[in-house]
Amino acid sequence: MRRSDSIVSKLDWATVLLFFLIVILGWLNIYAAVYDETAVQNIFSTTLNSGRQLMFIAASVVLIIAILVVDFKFYDTFGYFIFGGVMFLLIFVLVFGREVAGSKSWFEIGAFRLQPSEFAKFATALAVAKFIGTSGFRMDHLKNQAILFGIIGFPVVLIMLQGDTGTAMVYSIFLFVFFREGMSPMLLLLGTAAGIIFILTLLVPNHLYLYIGIVSIALLIIFFGKRTPKRITLVVAGALLVTGVIKSVDYVISDVLKPHQQNRIKALINPDADPLGYGWNVTQSKIAIGSGGFSGKGFLRGTQTKFDFVPEQSTDFIFCTIGEEHGWIGSFILISLFVTLLLRLIFIAERQKWRFARVYGYSVVCILFFHFAVNIGMTIGLFPVIGIPLPMFSYGGSSLIGFTILIFIFLKLDAHRMQVLVR
């Protein structure tokens with residue numbers, strides 16, 4: 001009894017409150033997304049997504065209790081085993097999984113489905129934290145960096161093989177964790193630059209203007225800087241590299257991406273070009289959010305929702321329900337809750353003295369941020385539609401359970417941070 005009392009007293013209840021507040025608000029909006037005023041519907045009915053989500057919430061509470069009861073050293077000791085077990089599930093689902101919406105990433109158990117890739121996030125975070133937390137670890141060693149990229153790269157490959165590009169993209173956010181632990185910012189800068197160039201290439205059909213811009217910038221750098229052979233060589237090499245990125249865009253779009261992925265890129269650049277085709281999702285999403293105005297139409301009164309104009313209303317596009325029914329005020333409150341949660345988790349991560357706990361904490365923050373930013377970004381046309389949920393808010397058992405495990409393992413580690421100091 002003393003042990004459970006200690007856990008209760010040391011748990012960060014501000015984070016727990018934020019977590020459950022987001023979960024409950026999500027549950028109510030899942031009901032709003034599937035509500036049909038012409039039929040008698042009970043929010044608790046398991047025939048509706050809201051009823052099934054309530055079952056997932058109950059399962060999450062049981063998991064929270066289990067996570068808090070287990071010894072905190074378990075997650076460090078068995079981090080690699082947990083990672084290996086989840087990777088086995090990712091391989092297993094490729095053989096025995098069911099294909100849903102072009103992605104073979106689901107186990108079907110009766111009326112319920114299980115998506116192992118949702119659990120791979122916390123498993124990868126544990127493996128990364130365990131490796132970086134190893135005694136004598138140094139981020140500036142190339143061997144260590146190669147192993148870290150191998151740890152995050154393995155699930156990416158398996159998830160890509162399943163056809164779930166959106167989930168695979170989440171693992172790119174681990175670069176920020178590596179940067180926090182001492183990796184050179186060069187990779188982040190190069191990645192950001194490549195992304196900007198990629199977008200500019202899509203926005204500017206005539207690539208000649210881009211080439212002129214690159215040559216002009218290179219000449220200015222050479223002219224106003226020190227004109228040493230080494231510096232000139234680096235500038236020329238950089239210009240050629242940028243040119244190669246521009247040249248590769250057409251190849252990637254036409255020959256690497258699948259047709260539905262090409263359409264998502266087109267919808268991002270110009271959704272009005274085909275508003276009834278590939279631009280439909282984004283166009284209807286923005287209409288739904290914009291129609292809510294300042295204060296919204298009211299709970300259960302969203303017309304875009306009721307007439308199914310926006311697809312995946314209770315999952316990927318759940319933010320549309322908030323925008324339409326609760327307007328700018330509701331959207332602002334929800335975004336504020338997520339930002340507050342992220343800031344609180346950063347604060348908790350920074351107070352960790354155990355490197356394993358700190359690295360895991362930053363992994364939690366980065367994963368949550370990626371989902372939060374990209375999900376909302378794609379509903380308002382700032383990011384391609386890649387099919388990832390809004391954490392703890394969208395409908396889905398695998399997603400909710402995965403995020404629950406992700407967050408509460410960190411809260412368990414934080415509750416015992418003083419014991420780590422004593423050891």
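**Exercises on a predicted model**

**Exercise 1.** Determine whether Phe-96 is buried or exposed in this predicted model, and place the residue in its surroundings.

*Solution.* The relative accessible area of Phe-96 is 56%. The cut-off for an exposed residue is over 50%, so Phe-96 is exposed. In the chain, Phe-96 belongs to helix H5, which covers residues 79–96. On the surface, Phe-96 joins Phe-88, Leu-89, Phe-92 and Val-95 in a nonpolar patch of about 490 Å².

**Exercise 2.** Check whether the span of helix H18 agrees with its number of residues.

*Solution.* Helix H18 runs over residues 397–415 and has 19 residues. The expected span is 1.5 Å times one less than the number of residues, which gives 27 Å for H18. The C-alpha atoms at the two ends of H18 lie 26 Å apart, and this agrees with the expected value.

**Exercise 3.** Establish how far H18 is enclosed, and examine Ser-399 as one of its residues.

*Solution.* Of the 19 residues of H18, 19 are buried, so the helix is largely enclosed by the rest of the structure. Ser-399 is found in H18. Its relative accessibility is 7%; the cut-off for buried is under 20%, and therefore Ser-399 counts as buried. Leaving aside residues up to four places away in sequence, Ser-399 touches Glu-118 and Pro-389.

**Exercise 4.** State where in the chain confidence is lowest and where it is highest.

*Solution.* The mean pLDDT of the chain is 86, with 90% of residues at 70 or more. Confidence is lowest in helix H1 (residues 2–10), at a mean of 66. It is highest in helix H6 (residues 117–132), at 96.

Conventions. Residues are numbered from 1 along each chain as its sequence is written. This is a predicted model: local features need pLDDT of at least 70, side-chain atom pairs count only at pLDDT 80 or more; totals for chains, interfaces and linings use all residues. Side-chain values use heavy atoms; hydrogens and water are left out. Helices (H or I, at least four residues) and strands (E, at least two) are DSSP runs, numbered from the N terminus. Buried means under 20% relative accessible area, exposed over 50%, partly exposed in between (1.4 Å probe, protein chains only). Patches are made of residues with over 30% relative accessible area and no salt bridge: like charges are joined within 9 Å, nonpolar side chains (Val, Leu, Ile, Met, Phe, Trp, Tyr) within 5 Å. Accessible areas come from the Shrake-Rupley method with a 1.4 Å probe; for residues, only the protein chains shown count as cover. A salt bridge is a side-chain nitrogen of Lys or Arg within 4 Å of a carboxyl oxygen of Asp or Glu. pLDDT is the predictor's confidence in each residue, from 0 to 100. Contact means heavy atoms within 4.5 Å.
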